[in-house]
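Grab a coffee and work through these exercises with the model open beside you. Try each task before you read its solution.

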Amino acid sequence: MSSLLSVKDMSINFDTPRGSLEAVRGVDIEIPAGMSVGIVGESGSGKTVMCRAAMGLLQGSNVKRSGTVVFDGHELTAMTKEQVRDLFGSGMAMIFQDPMTALNPVRRIGSQLSEGLRLRLGMSKADALARSKELLELVRIPNAAAVMKSFPYQLSGGMRQRVMIAIAIACNPKLLFADEPTTALDVTVQAQILQLLRELREDLKMSMVLVTHDLGVVAGNTDYVAVMYAGEIVEYAPTTKLFADMRMPYTKALLESIPKIDHKSGTRLDVIEGRLPNPTDRGAGCSFAPRCKFAKEKCHEEHPELKRDPDGHLYRCWFPIGEAL
Amino acid sequence: MLRISFWLQRLGQLLVVLLLVTFGVSLLLRLIPVDLATILLPVASEEERVILRTELGFDKGPIGYYLQWLGNFVQGDFGKIYFSGGTENVSDHLKAAMPRSLLLMVYTQILALSIAIPLGVLSAYRAGRRADKIISNSLFALSSIPNFAIALLLIIFIGVKLAWLPTLGYAPLADGVWEHFKYMIMPVISLSVGLITTYTRLLRADMIAALREDYVTMAASKGLSDRRILWRHVLRPSSVTLMTSAALSMGGLIGGAIVIESIFATYGVGFEVFAAIAGRQYVAMQSTVAVIALFYVFFNLVVDISSGFIDPRTRDRRVNA
Ligand SMILES: Nc1ncnc2c1ncn2[C@@H]1O[C@H](COP(=O)(O)OP(=O)(O)OP(=O)(O)O)[C@@H](O)[C@H]1O
Ligand code: SF4
Ligand SMILES: [Mg+2]
């Protein structure tokens, strides 16, 4: 199977006042064409940084990157910023985590939506505006004409997320990164947005990277799942395989801890006992060891390598579940 | 409906400010422990002074005096300037001085903003890099030179040594555009330097903050060029502080360019204040200060209105508040 996106040995470090912060560590991942791949992990595990780095969107002078990214035959990591930019819109696009902050607060929806169409697809202003309205209708926004003239703060969270989806799919991308598209929304709206994404993916034949902290979201919406922990991919398998035969203690803990969301404040509660290791000072052993029920001495001393089952199931654990001890 | 009541409220507030400022100045005048009539008419007879006292309301209490002045002021009678040969109307002086000050202010703002905006955008974009450091350091060096020193340097080099521009005086636009600008260039540069520094710093700080926002990454992910992102997506939401500061310094330039107006003999409103104080023309001073306060209040309103255009959220916050 050909892969649309292939990330090899990607590491991302941020220089911070407290030292170098390893946000992503040696990640390898393939996104097969036409498939949907879920990326699951707790807050701070590096999901957003990984996606943005894969697209070449990490800004700032404090970022150190290594590794290679190949998208649709183009080696992004060897291209200039301008060349990569030409792939945005019709090649790759991204839905951002928080629809409140990801839309420009002082520009009308219509101009934010039509801008990409005019610049990337060379449409005339009138065509771009007409197409924008269609796109808003496509993402099921009622009275699209009025929304075109609105500012983001005048819309509800769900509407804003729909607008963001419309912007992302405007130029018909081959690969859509959806960075926690539903985390900021309440449960009923979450289901609608996921439904919409499923349909759009079908209609537009998009591949998708679906980032979430919720294994439940992964179940019905992805073909493959990568589980991230402390900047690493710790388990990777076809979605059905993962749920049937989980190898990684962390994934199991994630599944057992039904994600609890505090709806009043919108913040997530700690669902697994303990916290992520300090990202500026990772220990020598398995990153999950301090929180792992199965941890043994070896776990604290040696960093587990990624192991591959004959069926392609990957995991990073000395004592995987289901293995005779 | 709500919007109208917001503006009425805002106008009311500004009116109160105006009244307080003018009353304060008026009260200060009356606190001077000398006979104002003697100061205004140093070589007049006692009868003439008595007439002047009743005419100006010096014989009334502070409130009575203020009300009389206010009544005249709102009718356009700003009082008189007294000197040995007779009197001149303050309003005639202001009529001559106001266009000079207004033009000086407008040119200064245009020059300062058209330099500060690109500098601010560039130094925010290159924050921490060489271009940013060069800009910050040069501006820091420039801002440590007071504007009168810049004025004097310009006069010495451009005015005297090179003799490119006249060093003193003013020519109205009616005398020809170039003639007019010959007199304005040096005062405008002197006044702009400090503003350029302030504006650049304000814009740089706000833009650096805005550049960290998700909507900037979002714009980049649409495949827009950095240039377009900076100018179309980041500049406007980052310019509220800059515009506020610019509008407020307009008021300051109208009445506060005293030193520069004196050095270049531009004789605008600032100079009128200076002349009124130096010549102990208290009534003239009171009215001129009131006019300047009016301009401050006016530019305050301009800030309110324009920030609604720059950031639509402020408009609705007003309605909801
Ligand atoms: N620009 C940056 N500078 C320094 N550190 C950063 C930067 N961006 C992210 N980080 C750090 O990198 C780590 C990974 O962050 P990331 O946003 O990728 O997490 P995430 O998995 O997306 O979490 P969430 O579910 O909360 O979105 C965190 O420790 C974060 O603090
Ligand atoms: S390596 Fe050890 S600590 Fe890490 S997940 Fe496996 S059992 Fe747990
Ligand atoms: Mg994230």
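**Exercise 1. Find the unit that S7(A), H7(A) and S8(A) make, and give its handedness.**

Solution. S7(A), H7(A) and S8(A) make a right-handed β-α-β unit. A crossover is called right-handed if, with the strands pointing away from you, the path from the first strand over the helix to the second runs clockwise. Helices (H or I, at least four residues) and strands (E, at least two) are DSSP runs, numbered from the N terminus.

A quick word on the ground rules. This is a predicted model, where local features need pLDDT of at least 70 and side-chain atom pairs count only at pLDDT 80 or more, while totals for chains, interfaces and linings use all residues. Residues are numbered from 1 along each chain as its sequence is written, chains are lettered from A and ligands numbered from 1 in the order in which they are written, and side-chain values use heavy atoms, with hydrogens and water left out.

**Exercise 2. Which strands pair with S8(A), and in what sense?**

Solution. Start with S7 (residues 175-179) of chain A: S7 and S8(A) run parallel, with 5 bridges between them. Two strands pair if DSSP finds at least two bridges between them. Here A:Ala178 sits opposite A:Leu210 of S8(A). Now take S3 (residues 36-40) of chain A, which is also parallel to S8(A) and joined to it by 5 bridges. In this pairing, A:Val37 has A:Val209 as its bridge partner.

**Exercise 3. Work out how many residues of strand S8 of chain A are buried.**

Solution. S8 spans residues 207-212, and 6 of its 6 residues are buried. Buried means under 20% relative accessible area, exposed over 50%, and partly exposed in between (1.4 Å probe, protein chains only). Next, split the strand by face. In a regular strand the side chains alternate between the two faces of the sheet. One side of S8(A) carries A:Ser207, A:Val209 and A:Val211, the other A:Met208, A:Leu210 and A:Thr212, and both faces are covered.

**Exercise 4. Which residue does A:Glu199 bridge to, and where does each partner lie?**

Solution. A:Glu199 makes a salt bridge with A:Arg140, with the closest N and O atoms 2.7 Å apart. A:Glu199 lies in helix H7 (residues 187-204) of chain A and A:Arg140 in the loop between H4 and helix H5 (144-148), so the pair ties together parts 59 residues apart in sequence. A salt bridge needs a side-chain nitrogen of Lys or Arg within 4 Å of a carboxyl oxygen of Asp or Glu. As for exposure, A:Glu199 is partly exposed at 26%, and A:Arg140 is partly exposed at 44%.

For a bridge inside one helix, look at A:Lys133 and A:Glu137, at 3.7 Å from N to O. Both lie in H4 (residues 125-138) of chain A, 4 residues apart, or about one turn of the helix.

**Exercise 5. What surrounds ligand 2, and which contacts reach ligand 1?**

Solution. Take ligand 2 to begin with. Its shell includes A:Cys286, A:Cys292, A:Cys299 and A:Cys317. Sorted by type, the shell has 11 nonpolar residues, no polar and no charged.

Then go to ligand 1. A polar side-chain atom of A:Ser43 lies 2.4 Å from an oxygen atom of ligand 1. Backbone N or O atoms also approach oxygen atoms of ligand 1: that of A:Ser45 at 3.2 Å, and that of A:Val49 at 2.9 Å.

How values were computed. A residue is near a molecule or strand if one of its heavy atoms lies within 4 Å of it. Ala, Val, Leu, Ile, Met, Phe, Trp, Tyr, Cys and Pro count as nonpolar, Asp, Glu, Lys and Arg as charged, and the others, Gly among them, as polar. A polar contact is a pair of N or O atoms within 3.5 Å; within protein, one must be able to donate a hydrogen and the other to accept it, and residues adjacent in sequence count only if both atoms are side-chain atoms.
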